Amino acid sequence: MTPVETQPERTALAWQRTGLGVLAVAALLGHRALEVGHPALLVVAGVAALLGLGVLGGLAPARYRQVQDRVAGGRAVTTSVPALAATGVVVLTALAAAVAVLVPG
């Protein structure tokens with residue numbers, strides 16, 4: 001059985017991977033914007049990058065502390081608000097990537 005102490009660390013790593021994935025897609029969006037010379041796509045890439053940084057700098061550390069506190073207190077770890085926020089970020093980034101692919105170049 002896995003020790004309880006590893007759960008907050010695994011959760012933090014998952015949130016970091018999500019934020020890094022969003023940043024990677026933002027970088028690809030920025031590359032596409034420069035490639036096709038479309039300034040609106042560059043703005044979309046910037047917004048996606050800010051969302052990724054928000055996950056990395058805001059949601060991930062907050063969720064890590066929350067999981068640590070809940071595990072230490074013996075309470076249930078599951079909450080839906082941070083997961084919904086991260087899901088929204090990923091969906092918005094995916095939509096932006098789909099638009100970037102469909103923009104004629």
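This is a short talk on the helices, the nonpolar cores and a few single residues of one predicted model.

Some ground rules. Residues are numbered from 1 along each chain as its sequence is written, and side-chain values use heavy atoms, with hydrogens and water left out. Because the model is predicted, local features need pLDDT of at least 70 and side-chain atom pairs count only at pLDDT 80 or more, while totals for chains, interfaces and linings use all residues.

I start with helix 2, residues 39–73. Helices here are DSSP runs of H or I, at least four residues, numbered from the N terminus. Helix 2 has 35 residues, and at 1.5 Å a residue these should span 51 Å; the expected span is 1.5 Å times one less than the number of residues. The end C-alpha atoms are 50 Å apart, which agrees. There is nevertheless a kink of about 35° centred on Val55, the bend being the angle between axes fitted to the seven residues ending at a residue and the seven starting there. After helix 2 comes Gly74, with a positive phi near 75°.

Which residues of helix 2 are buried? They are Leu41, Ala45, Ala48, Gly52, Val55, Ala60, Arg63 and Val67. Buried means under 20% relative accessible area, exposed over 50%, and partly exposed in between, with a 1.4 Å probe and protein chains only.

Next, the cores. A nonpolar core is a set of buried Ala, Val, Leu, Ile, Met, Phe, Trp, Tyr and Cys residues joined through side-chain atoms within 4.5 Å. The largest one has nine residues: Ala26, Leu29, Ala33, Leu41, Ala45, Ala48, Ala96, Ala100 and Val103. Helix 1 (6–36), helix 2 and helix 3 each supply at least two residues of this core. Apart from it lies another core of six residues, including Val55, Ala60, Ala86 and Val89. Val55 is thus a name you have heard before, as the centre of the kink in helix 2.

Leu29 is one of the nine. It sits in helix 1 and counts as buried, at 3% relative accessibility. What does Leu29 touch, leaving aside neighbours within four places in sequence? The list is Val44, Ala45, Ala48, Ala96, Ala97 and Ala100, where contact means heavy atoms within 4.5 Å. Leu29 and Ala45 are 16 residues apart in sequence, with 5.2 Å between their C-alpha atoms.

Val44, in helix 2, is partly exposed, with a relative accessible area of 32%. With the same sequence neighbours left aside, Val44 is in contact with Leu29 and Ala96, and Ala96 in turn is in contact with Leu29 and Val44. From Val44 to Arg10 the separation is 34 residues in sequence and 30 Å, C-alpha to C-alpha.

In helix 3, residues 81–102, I pick out Thr93. Thr93 counts as buried, at 4% relative accessibility. A polar atom of the Thr93 side chain lies 2.8 Å from the backbone oxygen of Val89. Outside four places in sequence, Thr93 is in contact with Val22, Val25 and Ala48.

How many salt bridges does the structure hold? One, taking a salt bridge as a side-chain nitrogen of Lys or Arg within 4 Å of a carboxyl oxygen of Asp or Glu. Arg32 pairs with Glu35, the closest N and O atoms being 3.3 Å apart. The two are three residues apart in helix 1, so about one helical turn separates them. Glu35 is exposed, with a relative accessible area of 53%.

Last, Ala14, also in helix 1. Ala14 counts as partly exposed, at 29% relative accessibility. Between the C-alpha atoms of Ala14 and Val36, 22 residues apart along the chain, the separation is 33 Å.

Notes. Polar contact = N/O pair within 3.5 Å; in protein donor to acceptor, adjacent residues only side chain to side chain.
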